[in-house]
Amino acid sequence: MKLTLWTYEGPPHVGAMRVATGMTGLHYVLHAPQGDTYADLLFTMIERRNHRPPVTYTTFQARDLGADTANLFKDAARDAYARFKPQAMIVGASCTAELIQDDPGGLAGALDLPCPVIPLDLPSYQRKENFGADETFHQLCRALARPMPRTQTITCNILGATALGFRHRDDVAEVTKLLGLMGITVNVAAPLGSTPADIARMGQAHFNVLLYPETGEGAARWLERTCDQPYTKVVPLGVGATRDFLHEVAALTGLSPQVDESALRLPWWSASVDSTYLTGKRVFIFGDATHVIAAARIAATEIGFEVVGMGCYNREFARPMRAAAKAYGLEALITDDYLEVEDAIAAAAPELILGTQQERHIGKRLGIPCAVISSPVHVQDFPARYSPQMGFEGANVIFDTWIHPLVMGLEEHLLTMFREDFEFHSDAGPSHHGAKADLRDGSEPEVFAEPAGASGGSILVKMNAGGEAGAPVWLAAAERELKKIPFFVRGKARRNTEAYAAEQGVAEISVETLYEAKAHYAR
C-alpha cells in the first residue's frame with residue numbers, strides 16, 4: 001500500500017462491494033471506520049445507480065478502539081439481518097479494520113443467523129480490488145453451488161460481470177444474444193444480476209462462459225473441479241475473438257458456430273476508402289490485462305494500427321501480458337504507477353491512446369487523443385444507451401469509440417493548413433476541445449523582440465508579457481518550420497530540439513538547428 005494521487009484499483013473490500021452491489025438478496029457487513037463509507041459514491045455517483053450498495057458498515061471511531069469493537073460488529077450484523085432479511089450475507093473487514101484483528105467471520109458465525117454467512121479473508125495490504133471481487137465470487141460459489149443434474153437443453157452460466165465493471169451490463173446482454181443464436185440458453189449470469197439462490201443452481205449448466213478472468217476465473221476453476229463444468233478461455237472482444245469464441249463454444253456443445261453477422265460493420269468500415277487514413281496509426285494500450293490483450297489484437301489485425309506500447313496494472317496477469325506484448329515485438333509495461341505509464345506514453349509518442357480514465361487525463365496533458373477501453377472509468381463511460389464491447393455489436397461500438405478521436409483529430413491538420421486564417425489560426429484548437437477556445441479580445445498582447453545582434457524582422461521571437469525571452473530562443477522561421485510537423489509528434493520534436501540546442505550551447509534555434517537535431521536523434 002502506498003500514498004498516491006491516483007490508483008487503478010481500490011482495496012479488496014471494494015471488489016467485494018462490486019459483487020454484493022451487482023447482486024440482489026446478498027448483504028455485506030463490513031467492519032470499517034466511518035471514513036470508509038466513501039465507497040458508496042463509486043456506485044451512486046460514478047455508476048449512477050438509483051440505490052446505495054447493500055452494505056452495512058460498523059463505522060467505528062477512534063474513541064471505540066479502546067473499547068470492544070467486536071460487539072460493534074456483532075450488533076451491526078444482527079441489525080443488518082433484521083432490517084434487510086437477505087438470502088445470504090458476506091462479512092469482512094476493510095484495510096483499516098484488518099489492523100485490529102476482530103475476526104468478522106468468527107464473530108458472525110457465532111451469531112447463528114438464519115441465513116448462510118460467508119466470511120471473506122481479503123488481505124488488504126497484499127492484494128487489490130480485482131482480487132477482492134474474484135475471491136468474493138469464488139467463496140460464494142464454494143458456499144452455495146453444488147453438483148446437480150444437467151438441464152435437458154444445453155445451458156451455460158456467464159461468469160465475472162460485476163457492478164462498476166466497464167460495460168459489463170451490456171456485454172452480458174450481447175453475449176446472451178450471441179449464445180441464443182447458437183441455440184444455447186443462459187442458466188445463470190453471475191454475479192451481476194443474480195441472487196444467492198441463482199448461484200445455488202449454477203451446477204445444472206453444461207458449461208461456463210468466462211467473460212472477465214480478473215473477476216471470475218477463481219469461480220470458473222472451482223466449478224470446473226467441483227461440478228465438472230468446462231469454461232471458455234476466449235473472451236469475445238473484437239471480430240476475430242468473437243468468431244474464435246463461437247468455435248470454442250461449438251467444440252464444447254457440438255452445435256454450429258455459424259450465426260448471423262449481417263449487423264457487423266467493423267471489417268468493411270475499417271477497410272473502406274474513407275478509413276484508409278487509419279492504417280499505420282501508432283497506438284499505446286494500457287488497462288486491465290483482458291481488455292489490453294484483446295485491444296492489441298483488434299488494433300493490429302482488424303483496424304490496421306501499429307501497437308507501439310502495451311501494458312497492464314494488474315500484476316496477477318503479468319505473464320499472459322508479457323507473452324502478448326512479445327508477439328508485437330514489445331516489452332510489456334506492468335505497473336500500477338500512473339507516472340510510469342505517462343513517461344512510457346510520452347517516450348512512445350503515439351497518435352492514439354487506448355486506456356483507462358487515467359490515460360484520458362494523461363492524453364489531455366500530452367495532447368494525444370484517447371479512447372477508454374478498460375476500468376477504472378468515470379461517469380461518462382456508463383452510458384444510458386446500449387453500448388457493449390463484446391460480440392459483433394461490441395465490435396461496431398469499438399470501431400466508433402476508437403475512431404472518433406482520430407476523426408476529430410483531422411481538424412488539427414486543417415488548422416495547420418489554414419493557420420494564418422483569422423478563424424483557424426494555429427492556437428485555435430479543434431472544435432471538439434472546448435477548453436482550447438482562444439478569446440483573443442481579453443488576452444494579454446503578444447510581445448515580440450529582436451535578438452541582440454540580429455537584423456531584419458524575419459527572425460522576431462515571441463517573448464512573454466513580462467518581457468523575458470525563453471532559453472533557448474526559437475527564431476520565427478524555425479517556429480514556422482516546426483508547425484509543418486504533424487501535431488501528434490510536434491511536442492516531442494520541440495523537446496528534442498530544445499534539448500539538442502542546450503547540449504550544443506546554441507542560444508537561438510534556427511531551421512538548421514531543427515534539422516540538425518532531427519538528424520542527431522535519428523542516429
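# Notebook: strand 6, its sheet, and some loops and voids

I started at asparagine 187, which sits in strand 6. The model I am reading is a predicted one. Is asparagine 187 buried or exposed? I found a relative accessibility of 11%. The cut-off for buried is under 20%, so asparagine 187 counts as buried. I then looked across to phenylalanine 207. The two residues are 20 apart in sequence, and their C-alpha atoms lie 9.8 Å apart.

**Strand 6 as a whole**

I checked the rest of the strand next. Of the 7 residues in strand 6, 5 are buried. I therefore noted the strand as largely enclosed by the rest of the structure.

**The sheet**

Which strands make up the sheet, and in what order? I read 3 strands in the order 6-5-7. The sheet is open and the pairing is parallel. Strand 6 (185-191) and strand 7 (207-210) are at the edges. Each has a single partner strand, so one side of each has no neighbour in the sheet. From one strand to the next the twist averages 25°.

I went through the pairing of strands 5 and 6. Strand 5 covers residues 155-161 and pairs with strand 6 in the parallel sense. I noted 6 bridges between them. Asparagine 157 is set opposite valine 188 of strand 6. Alanine 161 faces proline 191 of strand 6. A reminder to myself: strands of a sheet pair through backbone hydrogen bonds, parallel or antiparallel.

**Cis peptide bonds**

Proline 191 deserved a second look. It belongs to strand 6. The bond leading to it from alanine 190 is cis, with omega near 5°. I looked up another case at serine 375 and proline 376. That peptide bond is cis too, and omega is about 0°. Where is proline 376 found? I placed it in the loop between strand 12 (370-372) and helix 16 (391-417). Most peptide bonds are trans, and most residues other than glycine have a negative phi.

**Positive phi**

That sent me to the phi angles. Aspartate 228 has a phi near 55°, positive in a residue that is not glycine. Its loop runs between helix 9 and helix 10. At 60% relative accessibility I count aspartate 228 as exposed.

Alanine 349 also has a positive phi, about 50°, although it is not a glycine. Alanine 349 lies in the loop between helix 14 (338-348) and strand 11 (352-355). Is alanine 349 buried or exposed? At 9% relative accessibility, alanine 349 counts as buried.

**Glutamate 261**

I stayed with loops for one more residue. Glutamate 261 is in the loop between helix 10 (239-253) and helix 11 (266-271). Its relative accessible area is 29%, so I logged it as partly exposed. I also took its distance to glutamate 393. The pair is 132 residues apart in sequence but 9.4 Å apart in space, C-alpha to C-alpha.

**The second largest pocket**

I turned to open space. The second largest pocket holds about 1,200 Å³. How many residues line it? I read 48, with Thr7, Tyr8, Glu9, Gly10 and Glu129 nearest the centre. Helices giving two or more residues to this lining include helix 1 (12-22), helix 9 (213-227) and helix 12 (289-303). Helix 2 (40-46) and helix 6 (129-144) are also among them. Helix 2 gives the most, with 4 residues. By class I noted 20 nonpolar, 16 polar and 12 charged residues in the pocket lining.

Helix 6 got its own check. It has 16 residues and reaches 23 Å from first C-alpha to last. That is close to the expected 22 Å at 1.5 Å a residue. In helix 6, 14 of the 16 residues are buried, so I marked the helix as largely enclosed by the rest of the structure.

**Cavities**

Last, the closed spaces. I noted 2 cavities of 30 Å³ or more. The second largest cavity has a volume of about 60 Å³. Among its lining residues are Leu237, His291, Ile373, Gln389 and Trp402. Helix 12 and helix 16 each supply at least two lining residues. Which helix gives the most to this lining? Helix 12 does, with 4 residues. By class, the cavity lining has 7 nonpolar residues, 2 polar and no charged ones.

Conventions:
Residues are numbered from 1 along each chain as its sequence is written. This is a predicted model: local features need pLDDT of at least 70, side-chain atom pairs count only at pLDDT 80 or more; totals for chains, interfaces and linings use all residues. Side-chain values use heavy atoms; hydrogens and water are left out. Two strands pair if DSSP finds at least two bridges between them. Axes are lines fitted to C-alpha atoms, for helices over the stretch in contact, and angles run from 0 to 180 degrees between N-to-C directions. On a 1 Å grid over the protein atoms alone, a cavity is a set of points where a 1.4 Å probe fits but cannot get out, and a pocket is an open set with protein on both sides within 12 Å along at least five of seven lines; lining residues have an atom within 4 Å of a point. Grid points are joined across faces, edges and corners, and a volume is the space filled by probe spheres set on the points. Ala, Val, Leu, Ile, Met, Phe, Trp, Tyr, Cys and Pro count as nonpolar, Asp, Glu, Lys and Arg as charged, and the others, Gly among them, as polar. The expected span of a helix is 1.5 Å times one less than its number of residues. Buried means under 20% relative accessible area, exposed over 50%, partly exposed in between (1.4 Å probe, protein chains only).
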